[in-house]
Amino acid sequence: MSQNTEQPTPEDIPVDTLADGPDADDAAGTAGDGSPEERIAALQLEVRKLKEDYLRALADGQNAKRMADKRIEDNSKYAVSNFAKELLSVADNLGRALLAATPDARKTDLVNTLAVGIEMTEKELASALGKYGVRKVDSLNQPFDPNYHQAVQEVEKTDVPTGTVVQVFQDAYVIAERLLRPAMVVVSRGGPKREPAPAAEAQAGVNHSV
């Protein structure tokens with residue numbers, strides 16, 4: 001007996017079989033999405049969520065840019081910190097050399113000429129450091145400030161307020177707003193209590209000319 005190999009045509013497929021296909025489920029789902037008002041409300045909710053996500057991403061991007069700009073600014077300000085710190089010992093030695101050139105010693109032409117040359121070198125070094133934001137902090141006769149000073153000794157002095165810097169072994173320096181090196185100082189004790197200084201006077205110890 002021969003077998004019939006003819007394929008059925010769409011007209012031969014029962015209607016129930018067509019209704020069970022995958023497209024039927026999609027159509028049924030679309031038909032059951034709810035009323036137009038519900039669909040509009042759902043879309044509005046999705047729009048609000050997307051807007052919030054966008055604003056959050058925008059804020060994160062702005063914060064990242066701000067932090068990157070701050071790092072670039074700090075790198076620009078403090079890139080020479082280590083090099084400047086090494087030069088401070090040169091400034092210290094120049095200052096000590098000038099202290100050794102007493103007025104009596106400078107009566108000699110040779111000593112006076114050397115002292116003048118050292119003074120010029122000291123000023124030139126201070127000017128070069130100042131171009132990079134390096135400034136000396138005046139400490140003598142100023143209130144002790146742990147942000148700038150390191151006390152190496154206390155001495156009894158009743159004629160000045162307690163906590164006054166009465167001797168400086170090593171000057172403090174700052175670069176921009178950051179401490180580069182603290183001052184090594186001697187602090188008084190046993191004197192009258194110091195009155196709180198106004199904010200403007202508290203900043204007066206920073207020497208902007210280095």
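The following exercises, with worked solutions, concern a predicted model.

**Exercise 1.** Determine whether Arg 181 is buried or exposed, and identify the side-chain and backbone partners that its side chain reaches.

*Solution.*
Step 1. Arg 181 is located in strand E5, which covers residues 178–181.
Step 2. Its relative accessible area is 11%. Buried means under 20%, so Arg 181 is buried.
Step 3. Setting aside neighbours within four places in sequence, the contacts of Arg 181 are Leu 88, Asp 92, Gln 170, Asp 171, Ala 172 and Tyr 173.
Step 4. Two polar interactions of the side chain can then be specified. With the side chain of Asp 92, Arg 181 makes a polar contact of 2.7 Å; the backbone oxygen of Asp 171 is reached at 2.8 Å.
Step 5. Arg 181 and Leu 88 are separated by 93 residues in sequence, yet their C-alpha atoms are 8.8 Å apart.

**Exercise 2.** Test the length of helix H4 against its expected span, and state which of its residues are buried.

*Solution.*
Step 1. Helix H4 comprises the 20 residues 81–100.
Step 2. The expected span is 1.5 Å times one less than the number of residues, which means 28 Å for H4.
Step 3. The C-alpha atoms at the two ends are 29 Å apart, in agreement with that expectation.
Step 4. The buried residues of H4 are Ser 81, Ala 84, Leu 88, Ala 91, Asp 92, Leu 94, Gly 95 and Leu 98. Leu 88 and Asp 92 are also among the contacts of Arg 181.

**Exercise 3.** Establish which residues of helix H3 are joined with Asp 53 by salt bridges.

*Solution.*
Step 1. A salt bridge requires a nitrogen–oxygen distance within 4 Å. Lys 49 and Asp 53 satisfy this at 3.2 Å, and Asp 53 and Arg 56 at 3.1 Å.
Step 2. Lys 49 and Asp 53 lie four residues apart in H3, about one turn of the helix. Asp 53 and Arg 56 are three residues apart, which again corresponds to about one helical turn.
Step 3. Each participant is partly exposed: Lys 49 at 45%, Asp 53 at 32% and Arg 56 at 48% relative accessibility.
Step 4. Through shared partners, Lys 49, Asp 53 and Arg 56 form one network of salt bridges.

**Exercise 4.** Describe the nonpolar surface patch that includes Leu 55.

*Solution.*
Step 1. Leu 55 belongs to helix H3, residues 36–78, and is partly exposed at 45% relative accessible area.
Step 2. Together with Tyr 54 and Leu 58, Leu 55 forms a nonpolar patch with about 310 Å² of accessible area.

Technical notes. Residues numbered from 1 in each chain as written. Predicted model: local features only at pLDDT ≥ 70, side-chain atom pairs only at ≥ 80, totals over all residues. Heavy atoms only, no water. Patch = residues over 30% accessible without salt bridge, like charges linked within 9 Å, V, L, I, M, F, W, Y side chains within 5 Å. Areas by Shrake-Rupley, 256 points an atom, 1.4 Å probe, with all protein chains shown as cover. Salt bridge = Lys/Arg side-chain N within 4 Å of Asp/Glu carboxyl O. Buried < 20%, exposed > 50% of the residue type's maximum accessible area, 1.4 Å probe, protein only. Contact = heavy atoms within 4.5 Å. Polar contact = N/O pair within 3.5 Å; in protein donor to acceptor, adjacent residues only side chain to side chain.
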